[in-house]
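Colleague: I am new to reading protein models, and I would like to learn how to go through one feature by feature. Could we look at one together?

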Amino acid sequence: MELFYEPRITLLARPEFLEPSHLPVAWLGDGTGGERLAEFAGRLCYMSQANPAKRPTREYLDNIKKQGHGSVLEHANYSLLVEGVSRSLTHELVRHRAGFAYSQLSQRYVDESKAAFVVPPAVIGDEKLETAWREQIESAQRTYVTMVEQLMERYGWVADRVHRRKMAREAGRAVLPNATETKIVVTGNVRAWRTMLELRSSEGAEMEIRRFAVATLRLLQREAPGFFSDFVFYVAEDRREAAKVEYHKV
Ligand SMILES: Cc1cc2nc3c(=O)[nH]c(=O)nc-3n(C[C@H](O)[C@H](O)[C@H](O)COP(=O)(O)OP(=O)(O)OC[C@H]3O[C@@H](n4cnc5c(N)ncnc54)[C@H](O)[C@@H]3O)c2cc1C
């Protein structure tokens, strides 16, 4: 049985900025496609392409966040492939509606007989707890396999095999735990990512989603520092990492 001890997060897509030749910007400093796109959109509002304040891109974006001009950040979208997370994590994640798109592995279409599971962070490192947890998981998966087999027989009269499998799996998944591993593609604009990551990297957030938020922040900070550099990591009293943001909910 495959167990996950941390999420696997892969960047799938980033913005590509195509500068219009009739409205060039006097860029300064480094900038990725996403950062340039947001700066371009911000500058259009005041037709300040000449960059009279001589601001490098990342300084310009810092000022955008400081002014709370967050709609400018909505132009830049990033897509992540998120794996090695539990169904309970994604249940919390998809509550973030504004500016996000989700596509998640279907337990009705996909066979979960060999599903992986995510070890709850609080359990990691305690052998006794981990063994007890694992026994429950293994038992649940065995029951799932038996249930799907029996349901396939029970509904043998359904001629469409795909439909019959779906009927069996959608009932069988009722015994699978919250810890079942899932995969989800998440696309969000930078304003939405910032709001979600602020909430979920905070000390009040549940441990697994907090760990996910911290890892996602690291990835996005590397990818586009102009958008995320005001998030600061620290180790909280519970000895787990968390993050604080300077510009709250832009
Ligand atoms: C620590 C923590 C504990 C939680 N505990 C619970 C819990 O016990 N039970 C529970 O049900 N949920 C819980 N939640 C989820 C929480 O209630 C929100 O559903 C979740 O954080 C998404 O926040 P949001 O609605 O601001 O996000 P989004 O949907 O992404 O919205 C972002 C922002 O857009 C604006 N917006 C979005 N939709 C609307 C709208 N329809 N009308 C007006 N403005 C809108 C708001 O300003 C909103 O903050 C918890 C969240 C956290 C972080």
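Colleague: Let me start with a single side chain: does Arg191 count as buried, partly exposed or exposed?

Modeller: Good place to begin, and please keep in mind that this is a predicted model. Arg191 has a relative accessibility of 27%, so it counts as partly exposed. The partly exposed class lies between the buried one, under 20%, and the exposed one, over 50%.

Colleague: Which residue does Arg191 form a salt bridge with?

Modeller: The general idea comes first. Side chains of opposite charge can pair when their charged atoms come close. In this model, Arg191 pairs with Glu74, and their closest N and O atoms are 2.5 Å apart. Arg191 belongs to helix α6, whereas Glu74 sits in the loop between α2 and β3, so this salt bridge ties together parts that are 117 residues apart in sequence. Glu74 is partly exposed, with a relative accessible area of 34%.

Colleague: How many salt bridges does the count come to?

Modeller: The count comes to 15 salt bridges. One of them joins Arg58 and Glu35, with 2.9 Å between the closest N and O atoms. That pair links distant parts of the chain, since Arg58 is in helix α2 and Glu35 is in helix α1, 23 residues apart.

Colleague: How are the two partners placed, starting with Glu35: buried or exposed?

Modeller: Glu35 is buried, because its relative accessible area is 0%. Arg58 has a relative accessible area of 27%, so Arg58 is partly exposed.

Colleague: What about strands? Which residue does Glu83 form a salt bridge with?

Modeller: Glu83 pairs with Arg8, and here the closest N and O atoms are 3.8 Å apart. Glu83 lies in strand β3 (residues 77-86) and Arg8 in strand β2 (residues 8-13), so the pair links distant parts of the chain, 75 residues apart. Try the accessibility reading again on these two. Glu83 is buried, at a relative accessible area of 11%, whereas Arg8 is partly exposed, at 41%. There is also a wider picture, in which Arg8, Glu83, Glu181 and Lys183 are linked in a network of salt bridges.

Colleague: Now to helices. At roughly what angle do the axes of α1 and α2 cross?

Modeller: Two packed helices are described by the angle between their axes and the distance between the axes. For α1 (residues 33-46) and α2 (residues 57-67), the axes cross at roughly 60 degrees and come within 10 Å. That makes α1 oblique to α2. The crossing of α1 past α2 is left-handed. You have met these helices already, as the salt bridge of Arg58 and Glu35 runs between α2 and α1.

Colleague: And how far apart are the axes of α6 and α7?

Modeller: The axes of α6 (residues 190-200) and α7 (residues 207-223) are 8 Å apart, and the helices pack at an angle of about 135 degrees. That makes α6 oblique to α7. Their crossing is left-handed.

Colleague: Let us turn to the surface. Which residues form a nonpolar patch there?

Modeller: The patch consists of Tyr109, Val110 and Val162, which together have about 270 Å² of accessible area. Take Val110 as an example: you will find it in the loop between β4 (100-104) and β5 (117-118). With a relative accessibility of 32%, Val110 counts as partly exposed.

Colleague: What can I learn from backbone angles, for example the phi of Lys54?

Modeller: Lys54 has a phi near 55 degrees, a positive value in a residue other than glycine. Lys54 is located in the loop between α1 and α2. Its side of the story on accessibility is that Lys54 is exposed, with a relative accessible area of 57%. Lys249 also has a positive phi, near 35 degrees. Lys249 lies in the segment after β8 (241-245), and at 57% relative accessibility Lys249 counts as exposed.

Colleague: One last reading: what distance separates the C-alpha atoms of Arg97 and Asn51?

Modeller: Those C-alpha atoms are separated by 35 Å, and the two residues are 46 residues apart along the chain. Arg97 is in the loop between α3 (87-93) and β4. At 71% relative accessibility, Arg97 counts as exposed.

Technical notes. Residues are numbered from 1 along each chain as its sequence is written. This is a predicted model: local features need pLDDT of at least 70, side-chain atom pairs count only at pLDDT 80 or more; totals for chains, interfaces and linings use all residues. Side-chain values use heavy atoms; hydrogens and water are left out. Patches are made of residues with over 30% relative accessible area and no salt bridge: like charges are joined within 9 Å, nonpolar side chains (Val, Leu, Ile, Met, Phe, Trp, Tyr) within 5 Å. Accessible areas come from the Shrake-Rupley method with a 1.4 Å probe; for residues, only the protein chains shown count as cover. A salt bridge is a side-chain nitrogen of Lys or Arg within 4 Å of a carboxyl oxygen of Asp or Glu. Helices (H or I, at least four residues) and strands (E, at least two) are DSSP runs, numbered from the N terminus. Buried means under 20% relative accessible area, exposed over 50%, partly exposed in between (1.4 Å probe, protein chains only). Axes are lines fitted to C-alpha atoms, for helices over the stretch in contact, and angles run from 0 to 180 degrees between N-to-C directions. Angles under 35 degrees count as roughly parallel, over 145 as roughly antiparallel, 65 to 115 as roughly perpendicular and the rest as oblique. A crossing is left-handed if the near helix is turned anticlockwise from the far one by less than a right angle, and right-handed if clockwise.
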